[in-house]
Number of protein chains: 2
Amino acid sequence: MEPETYAAGVLALQSGVAFPDARIAYVTFGALNAARDNAVIFPTRFGGTHEDNLYLIGEDRALDPREYFIVVPNLIGNGVSSSPSNTGGAFAHGHFPAVSIYDNVLAQHRLATEVLGIERFALVLGWSMGGQQAYQWASLYPDRVARLAVICGAARTAPHTHVFMEGMKAALTADAAWAGGAYREPPERGLRAIGRAWAGWGFSQAFYRAEMFRELGYISLEDFLVRYWEGLYMARDANNILTMLATWRSADVGANERYRGDYAAAMGAIEARTLLMPGRTDLYFPPEDAEAEAELLRRAEIKPIESVWGHYAGGGRSEEDLRFLTAALRELLESD
Amino acid sequence: MEPETYAAGVLALQSGVAFPDARIAYVTFGALNAARDNAVIFPTRFGGTHEDNLYLIGEDRALDPREYFIVVPNLIGNGVSSSPSNTGGAFAHGHFPAVSIYDNVLAQHRLATEVLGIERFALVLGWSMGGQQAYQWASLYPDRVARLAVICGAARTAPHTHVFMEGMKAALTADAAWAGGAYREPPERGLRAIGRAWAGWGFSQAFYRAEMFRELGYISLEDFLVRYWEGLYMARDANNILTMLATWRSADVGANERYRGDYAAAMGAIEARTLLMPGRTDLYFPPEDAEAEAELLRRAEIKPIESVWGHYAGGGRSEEDLRFLTAALRELLESD
């Protein structure tokens, strides 16, 4: 599926960099209705592209394009929107600037309002870093977001996740071939290392105990580590990975000029009917963090995904989780 | 504290290697009483030495040397007993053989019976890999172990822990300076990477959320990552780390010629009164694994350590956890 490109011009990033010729790649499904009240925005997750969001989009799925106008913008740094791997000039490769969730949402807001003519969203949703973007949308533009669904995500990145990411970054950059981002050939050893080191975080203890990777077509644990995890990271660009990690790490709905670091105020500003769907065994976004978030929200409900698929519970690879997500999102869409 | 050395001669390892001139370094506290019924053995954990077991030994601690004869044998590969870093000849450095928990316990058994004159232990205990050795003792020598205490340990290594270890190994060996174990200077980048990557596993989400590292004297998260975690691994030898990881990975009480892979039989053979103390937030040895183990044991009780210190709950760095451990172990020692 070939995405459209929104030429966003110069982005004045939170890091102070004026990033020129920014491009947000996006796809849409369905059409805006006459009442202009059927728009949905569904930003992408870490390492994912619009293709990876298709699990919730379709006639039999949570987001039916016959009924909704669905916009999927790609995260900056994911290799499809502006990224180290596709940027030339002063910001190429290892020189790509730090980009925040807030920076992404400002650009998406311009795309939605100026290009697509959307004034208000029936639903803003996302999985993982997509959920962080959704949170930022609802906090920054309360009157534009009727409903919010955060699937295995968080309003700000927890300290433990920060530690996890430092480990991933260290595994990748332990390979001298990374060369501070100036590699000419991919740092294969480092990419394999980050893939292998990530494996324990993505899925739960119970997932591995039950060898659920067999459901995904892998014949052994080592096969899963090599073909899935190493393969996943070898297909990614090292600087793109580091850019997205930095975006994830700095995520905080309150860290912007509107809320000036006041996290509680940023959360309290959210007017959307909110559905939080943490994964019961998610090692990044544990359910207790969602409970703490709900206390700061006006209209939040928590529906944990009772799954051993860890963080991937939100990704719908397990049919049971996908059914649960689909039913919960449809119910949210039908609510007032 | 300078350890004694038991020259164990040639070890016929499970890997098929005949390892010459093996040395088990150990320390003892107290003396064997006339009834010869007061011996305790407390093997060391991954990366630890006898010095790291002192938290449970002393007049005011769980194991009082006035009352018990306490033996602390060092794990092979820990840098004090025979290890890649202190072995010359054919098995030096990267050529050190694979050593199992079973191999360690066979050597410890000879030390205990042939050198120290111990026929039966009042208690065998350990934290983490020390707990794995304790389990192996109780399974292999049921009539020599009256009581067993496993603190944040397991009778066999879980698949998820295997995945975790693969990640740690990948982070360390992503540094080309590791050179397949033939480094002349320590692979600093890889050692820092494994330290940083390990940080998220050792302590829980809640530990980092509450910044409990401040209780250990670190002034920020980054300070903890650098001074504690990178410092810890920079002080270790890379080949020693890999040897201990391989030992941990292969741990299984049933994987030996006595039980021939029959895990349930190896567990069922244990006659000791058993106390399992998993950490509530331990990411390697979750409490549900202890519950599954208890079902295979004849006389097991589970007392989870209700702590946010993750795996380190068993290490007694938190005073509350240490009090809990101390009381539980004393009660076990006083039981029939």
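A residue counts as buried when its relative accessible area is under 20%, as exposed when it is over 50%, and as partly exposed in between. Keep that in mind for the close-ups below, which all come from a predicted model.

**View 1. Here is where chain B meets chain A.**
On the chain B side, 32 residues are in contact with 30 residues of chain A. About 2700 Å² of area is buried between the two chains, and carbon and sulfur atoms give 68% of that. Look for B:His160, B:Val163 and B:Gln205: these three lose the most area to chain A, together 21% of what the chain B side buries. If you wonder what that area is for, the size of an interface is often given as the accessible area lost when the parts come together.

**View 2. Now let's see what the touching side of chain B is built from.**
Between chain B and chain A there are 10 residue pairs in polar contact, with both residues at pLDDT 80 or more. Five helices of chain B each supply at least two residues to the side that touches chain A: α3 (159–173), α4 (188–202), α5 (205–209), α6 (221–234) and α9 (287–294). Which helix gives the largest share? That would be α3(B), with nine residues. Sorted by character, the residues on this side of chain B split into 16 nonpolar, eight polar and eight charged.

**View 3. A:Asp289 and B:Arg209 form a salt bridge.**
Their closest N and O atoms are 2.7 Å apart. A:Asp289 sits in helix α9 (residues 287–294) of chain A, while B:Arg209 sits in helix α5 of chain B, so this pair joins two chains. Is A:Asp289 buried or exposed? With a relative accessibility of 16%, A:Asp289 counts as buried, because the cut-off for buried is under 20%. Its partner B:Arg209 is partly exposed, at 36%. Elsewhere, salt bridges that share partners link A:Glu166, A:Arg249, B:Glu188, B:Arg192, B:Arg196, B:Glu222 and B:Glu230 into one network. The count between chain B and chain A is six salt bridges, and the structure holds 30 over all chains.

**View 4. Two salt bridges inside chain A: A:Arg196 with A:Glu222, and A:Arg66 with A:Glu59.**
In the A:Arg196 and A:Glu222 pair, the closest N and O atoms are 2.7 Å apart. A:Arg196 belongs to helix α4 (residues 188–202) of chain A and A:Glu222 to helix α6 (residues 221–234) of chain A, so the pair ties together parts that are 26 residues apart in sequence. A:Arg196 is buried, with a relative accessible area of 8%, whereas A:Glu222 is partly exposed at 39%. Over at A:Arg66 and A:Glu59, the closest N and O atoms are 3.4 Å apart. A:Arg66 is exposed, at 60%, and A:Glu59 is partly exposed, at 49%.

**View 5. Helix α7 of chain A, residues 238–249, gets a picture of its own.**
The helix has 12 residues and reaches 16 Å from its first C-alpha to its last, close to the 16 Å expected at 1.5 Å a residue. Why say that α7(A) is largely enclosed by the rest of the structure? Because 10 of its 12 residues are buried, among them A:Ile241, A:Leu242, A:Met244, A:Leu245 and A:Trp248. The buried residues of α7(A) pack against α1 (101–115), α2 (129–140), α3 (159–173), α4 and α6 of chain A. At the N-terminal end, A:Asp237 acts as a cap: one of its side-chain oxygens lies 3.1 Å from the backbone nitrogen of A:Asn239.

Conventions. Residues are numbered from 1 along each chain as its sequence is written. Chains are lettered from A and ligands numbered from 1 in the order in which they are written. This is a predicted model: local features need pLDDT of at least 70, side-chain atom pairs count only at pLDDT 80 or more; totals for chains, interfaces and linings use all residues. Side-chain values use heavy atoms; hydrogens and water are left out. Contact means heavy atoms within 4.5 Å. Buried area is the accessible area (1.4 Å probe) that two parts lose on being put together, summed over both. A salt bridge is a side-chain nitrogen of Lys or Arg within 4 Å of a carboxyl oxygen of Asp or Glu. A polar contact is a pair of N or O atoms within 3.5 Å; within protein, one must be able to donate a hydrogen and the other to accept it, and residues adjacent in sequence count only if both atoms are side-chain atoms. Helices (H or I, at least four residues) and strands (E, at least two) are DSSP runs, numbered from the N terminus. Ala, Val, Leu, Ile, Met, Phe, Trp, Tyr, Cys and Pro count as nonpolar, Asp, Glu, Lys and Arg as charged, and the others, Gly among them, as polar. Buried means under 20% relative accessible area, exposed over 50%, partly exposed in between (1.4 Å probe, protein chains only). The expected span of a helix is 1.5 Å times one less than its number of residues.
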